[in-house]
Structure formats: structure tokens, C-alpha cells
Amino acid sequence: MIMGNHSKKEWLQWQLTETQQLLEVSKDSLLMKVSLENRIEEIKRQLKELEEHSVEAKISLLFAGNAVLGSMGIKSSFASKTMSSIQGMIKTQIVYDAYGEERIGKRGKLGKTKMGEMFLTGLPQGSFGFELSLMNNEDLFAEVYAANSIKEVMDIIQATATDQEQYEKLVSNHPSRMFTYLKDFFKELASENSMLKMESGSHYVELSVDDNMTGYARTTSTHCQENNIRINGVFKGAFVESGKFEFLDEDGNIKHGKISEDIDEDMIVEYIRRYSNENCTMMILERNFTFKDGRKSTSYELIDIQKGNRLISDNN
């Protein structure tokens, strides 16, 4: 049986409690006392070691419901679809971390490293599930990066199932393909009345059948309409590292958005040099979300800028 760090920690803590109780009733035997004390020290050492290695570039998922047959097997179609969705979310989150958050690192840094691939490395039985691991022996940075992104994906899945407000915030600020993968993932869980346990390093999330039904209801009741629009206004500037930008529309409203992942650092610098505080026309992908409770949210993604009839990509 494959065990992640969280499961190992729980098992070791149980072992520690049992061994300490056994020691209490074995004090009259010097041999037993020494043996049990040594065992207790060894368990504590292993627990400390787990605490020091709490981040892993792998994720283990366990399911229970119609998709699994006890601890013997899992429907291949269910495993294939959920595996595809979770991998898609992880890859999307890795890109989002690289391009969308100032705290992570410089824009484009991830693209210059070899991230490796997610491999199926185990079939945990508990009920039943699968384990995915990043197989990359060349780049330690990439492994840590992927481990953090996996943890964030777990949090996104949990928020979708348990927290409407946090879900709305996450969906509005993430790429649209994250929402697509998320909806597909919960569709499979709901259709098979499945509970879910996820584990990566010491990070652990458990969702009941009702939680997953709620997650599915949230994603299916969320409507997203995407429009390619042209906005005349003032380009107020951008942040190279985070890929965020600001603009002033014709009504004098300051709005914020992100810059398309297809636009590299050099192009952002050129945008800033040519168009900061200038009147221009911005090509923007506008995403309008309508949620179950009727609340709405809009996000903007900058595709290109032009001034008059000249595009930034022109060399004239």
C-alpha cells in the first residue's frame, strides 16, 4: 500500500501512542523497557524527518463510491478522466504561478526550465486511487515549483467544494482553462457519487460525497462569457514580473487585468516604453462570470495594443 507523508505521519503517531502505552505496562521488564524506549526514539526521529520534508512534487488521490470496487480496482474511464483533469489543473497552476503572481518569481522563469512530466507512479489502495509524480532529476527548482502548485490546486478544489466566496475569487482570477478542468473534475466525482482524499507531502484534503456534489453544482451554475473587445483609453502601465496591467477607460474608470501568456517580457517592456500614460486602443479578452447567487465578476486579459492603425508588433 502506497502512503503519502500525511498518511505516514498519522500511522507513526498511532504507533507512538501504542508504544508509549505499552511502555507504561512494561516497566518491570528492563529488556522490554529498553527496546520500547529505543522504538519510541526511532518513531520520533521519523516524525521529525517527515516534518522536514513536508513538500513533494507528487499527489495521491483516493476515491470511494461507484467508481471503485472496494480496495481492488477503479473504473478505467473514471481514472482516465479525473487524471486528465487534475494534470491539466496542475500544469495550468504552474503557468499561473510563473506568470501571475509577483511573489513566485520572474515572469518567464518557468519557461526557461525543464519541468518534466507527471507520471503515474502508484495505485494507492485505501479505497482506491492513483498517484502522480513529477519525474525530473535535473532541476530542483522545478520540483519545488511543481510541489507548491500541486498544493494550490488542492486548495482550489477544496474551495470549490466548500467556500462560495473563495471559489468566486479564484475562478475570476485564474485562466479560463483552469475553470474548464475544474468543472470536468467535479462532473466525474458527482456522476459516481465519489468522496475524495488528496495528499501531497504533509498537505491533506478530504471531501465528502456532499462536498463534491456542491462543487459540481457550483461549477455548472457558473456561466462565463468571453468577448474579444477593443477599448479606447489610457494605458497606465504594467508590471513585468507579475504580468499585471492597468488602464483608464473612456469613462475615467481605472481597471486592472493580466497580460496574455503569449506576450513575453521584452514585449511588456516595449508596451511600457511606447504606451504608458498614452491614449491608445487595447485589444482585450473580457471574461464575464455569473455565479449561482446572481453575483457577477469581470476580468480582463490584454492581448495587444495599437495606436492609430499601427500595431506594437509592426517594425515600421
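In this predicted model, Phe 63 makes a good starting point. Leaving aside neighbours within four places in sequence, Phe 63 is in contact with Val 68, Ile 74, Phe 78, Thr 82, Ser 127, Phe 128, Gly 129, Phe 130, Leu 189, Ser 194, Met 195 and Leu 196. Phe 63 also turns up in the largest nonpolar core, which has 43 residues. Together with Leu 61, Ile 86, Ile 157 and Leu 196, Phe 63 is among the residues that touch the most other members of that core. Quite a few elements chip in: S1, H3, S5, H4, helix H5 (164-173), H6, S6 and S7 each supply at least two residues. The largest share, nine residues, comes from H4. Apart from this core there is another one, made of 16 residues, and Phe 235, Ile 263, Met 282 and Tyr 300 are among them. As a general backdrop, nonpolar side chains in soluble globular proteins tend to be buried together.

Next comes the sheet. Five strands make up an open sheet, lined up in the order S4-S5-S1-S6-S7 with antiparallel pairing. At the edges sit strand S4 (117-122) and strand S7 (203-207), each of which pairs on one side only. Going from one strand to the next, the twist averages 20°. Helix H7 (residues 209-221) packs on the sheet, where it touches S6 and S7, and the direction of H7 makes about 85° with that of S7. Within the sheet, strand S1 (residues 58-64) and strand S5 (residues 128-135) run antiparallel and are joined by six bridges. Along this pairing, Leu 62 of the model stands opposite Gly 129 in S5. In general, strands of a sheet pair through backbone hydrogen bonds, either parallel or antiparallel.

Charged side chains add another layer, with eight salt bridges found across the whole structure. One of them brings together the side chains of Glu 192 and Lys 75, at 3.3 Å from N to O. Glu 192 lies in the loop between helix H6 (176-191) and strand S6 (195-200), while Lys 75 lies in the loop between strand S3 (73-74) and helix H3 (76-100), so this pair ties together parts that are 117 residues apart in sequence. The two partners sit in unlike surroundings: Glu 192 is buried, because its relative accessible area is 14% and the limit for buried is under 20%. Lys 75, at 37% relative accessibility, counts as partly exposed.

Other salt bridges stay within one helix. Asp 155 and Lys 151 form one of these, with their closest N and O atoms 3.4 Å apart. Both residues belong to helix H4 (residues 140-162), where they are four residues apart, or about one turn of the helix. Asp 155 is partly exposed at 26% relative accessibility, and Lys 151 is also partly exposed, at 37%.

Helix H8 (residues 265-275) offers a further case. Here Glu 270 forms a salt bridge with Arg 273, and the closest N and O atoms are 2.7 Å apart. Because Glu 270 and Arg 273 are three residues apart in H8, about one helical turn separates them. Glu 270 is partly exposed, with a relative accessible area of 22%, whereas Arg 273 counts as exposed at 59%. The pair does not stand alone, as Glu 270, Arg 273 and Arg 274 are linked in a network of salt bridges.

Key: Residues numbered from 1 in each chain as written. Predicted model: local features only at pLDDT ≥ 70, side-chain atom pairs only at ≥ 80, totals over all residues. Heavy atoms only, no water. Salt bridge = Lys/Arg side-chain N within 4 Å of Asp/Glu carboxyl O. Buried < 20%, exposed > 50% of the residue type's maximum accessible area, 1.4 Å probe, protein only. Pairing = 2+ DSSP bridges. Axes fitted to C-alpha atoms, helices over the stretch in contact; angles between N-to-C directions. Contact = heavy atoms within 4.5 Å. Core = buried A, V, L, I, M, F, W, Y, C linked by side-chain atoms within 4.5 Å.
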